[in-house]
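Biologist: Please take one part of this model and look at it closely, and then set it in the context of the whole.

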Protein chains: 2
Amino acid sequence: MTLADLPDKDVETSARDTAATVIYVCTTCRRPEDPEDYPRPGAALAEATMRAAESTGVTVRPLRCLANCKRGCTAVLRSPDAWTYVFGHLDPTVDAQALVQGAELLSQSADGLMPWRGRPDALKRGLIARIPPLGFMESIE
Amino acid sequence: MTLADLPDKDVETSARDTAATVIYVCTTCRRPEDPEDYPRPGAALAEATMRAAESTGVTVRPLRCLANCKRGCTAVLRSPDAWTYVFGHLDPTVDAQALVQGAELLSQSADGLMPWRGRPDALKRGLIARIPPLGFMESIE
């Protein structure tokens with residue numbers, strides 16, 4: 001047996017299920033300069049993201065309040081066994097596609113991290129926080 | 001059979017496992033006014049939180065970078081079937097106990113939300129984001 005016969009971790013884990021990758025979009029979000037009227041810009045972002053995700057397999061779930069209210073619009077990307085990402089400062093008129101691209105990057109990631117290279121700009125400048133996968137233990141060096 | 005014979009949802013779900021409630025503390029965090037030297041204030045917060053959690057059953061996991069770097073110090077609270085909470089602007093010299101109290105509140109919560117009433121001030125003013133439990137679906141009214 002050679003090293004080449006060992007299971008390829010990258011190949012195995014790149015089979016993360018796109019359908020199980022979820023984009024949560026806050027429908028009550030607005031940007032600091034937006035009025036307080038309803039419907040809020042977050043609802044527009046949620047609708048645009050659902051349209052952008054059609055036929056990609058990515059699930060979009062609108063919901064009320066991810067508590068990132070000062071830094072809206074807001075979305076969260078989550079995929080099984082991957083890190084969870086919180087994004088803010090999103091523009092409802094242009095950033096839906098970036099969220100779907102980010103979800104696809106995360107669902108294809110071998111190590112559960114969203115790669116910086118190739119990540120849409122809105123998901124670079126809008127990064128608010130990331131949360132490790134369940135059961136994550138950092139190795140102590 | 002009367003209503004009193006039905007399973008009490010509050011009682012059932014309040015049995016959330018304290019031991020499965022995790023506080024992730026970012027060890028590379030610093031506040032905006034702190035120098036860039038290591039060890040960082042986040043490491044002090046992690047150590048203080050581990051001490052504060054002794055004999056509570058709450059698990060503390062130090063790790064590097066929750067990507068909330070502009071709003072440090074940072075910690076995340078997660079409990080099974082509950083919402084996940086990201087907190088920033090934490091003071092490593094005084095806020096460890098607040099994190100442990102928050103973890104206990106979350107582990108005792110019947111609806112998976114951390115109650116606002118009784119929540120330590122540091123976890124009110126430092127709230128950065130919250131993320132729904134896996135499988136969460138908001139009901140459409």
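Modeller: A residue is called buried when its relative accessible area is under 20%, exposed when that value is over 50%, and partly exposed in between. This is a predicted model, and the part chosen here is the aromatic pair formed by A:Trp83 and A:Phe136. At 6% relative accessibility, A:Trp83 therefore counts as buried, whereas A:Phe136, at 21% relative accessibility, counts as partly exposed.

Over all chains, a search of the whole structure finds four aromatic pairs. The one between A:Trp83 and A:Phe136 is edge-to-face, with 5.1 Å from centre to centre and 65° between the planes. Its two members come from distant parts of the chain, 53 residues apart: A:Trp83 belongs to the loop between strand S3 (75–78) and strand S4 (84–87) of chain A, and A:Phe136 to the segment after strand S5 (127–131) of chain A.

In chain B, B:Trp83 and B:Phe136 likewise form an edge-to-face pair, again at 5.1 Å centre to centre and with 65° between the planes. Because B:Trp83 lies in the loop between strand S3 (75–78) and strand S4 (84–87) of chain B, and B:Phe136 in the segment after strand S5 (127–131) of chain B, this pair ties together parts that are 53 residues apart in sequence. B:Trp83 counts as buried at 6% relative accessibility, while B:Phe136 counts as partly exposed at 23%. The ring of B:Trp83 has a further partner, since the charged end of B:Arg130 sits over that ring, 4.4 Å from its centre. Elsewhere in chain B, B:Arg40 lies over the face of B:Tyr38, at 4.3 Å from the ring centre.

As for the two chains, chain B can be laid on chain A by a turn of 180° and a shift of 0.0 Å along the axis, with an RMSD of 0.0 Å. That is the relation of a two-fold axis. The same surface serves both copies, in that 100% of the contact residues of chain B recur in chain A.

Turning to another part of chain A, helix H2 (residues 41–53) has 13 residues and reaches 18 Å from its first C-alpha to its last, close to the 18 Å expected at 1.5 Å a residue. Buried residues in H2(A) include A:Pro41, A:Gly42, A:Leu45 and A:Thr49, and among the elements that cover the buried residues of this helix are strand S1 (22–26), strand S2 (59–63) and helix H3 (96–108) of chain A. H2(A) is followed by A:Ser55, which has a positive phi, near 65°.

Key:
Residues are numbered from 1 along each chain as its sequence is written. Chains are lettered from A and ligands numbered from 1 in the order in which they are written. This is a predicted model: local features need pLDDT of at least 70, side-chain atom pairs count only at pLDDT 80 or more; totals for chains, interfaces and linings use all residues. Side-chain values use heavy atoms; hydrogens and water are left out. Helices (H or I, at least four residues) and strands (E, at least two) are DSSP runs, numbered from the N terminus. The expected span of a helix is 1.5 Å times one less than its number of residues. Buried means under 20% relative accessible area, exposed over 50%, partly exposed in between (1.4 Å probe, protein chains only). Contact means heavy atoms within 4.5 Å. Copies are superposed by least squares on the C-alpha atoms of residues with pLDDT of at least 70 in both. Rings of Phe, Tyr and Trp (its six-membered ring) pair if their centres lie within 6.5 Å; planes under 30 degrees apart count as stacked, over 60 as edge-to-face and the rest as tilted. A charge sits over a ring if NZ of Lys or CZ of Arg is within 6 Å of the ring centre and within 35 degrees of the ring normal.
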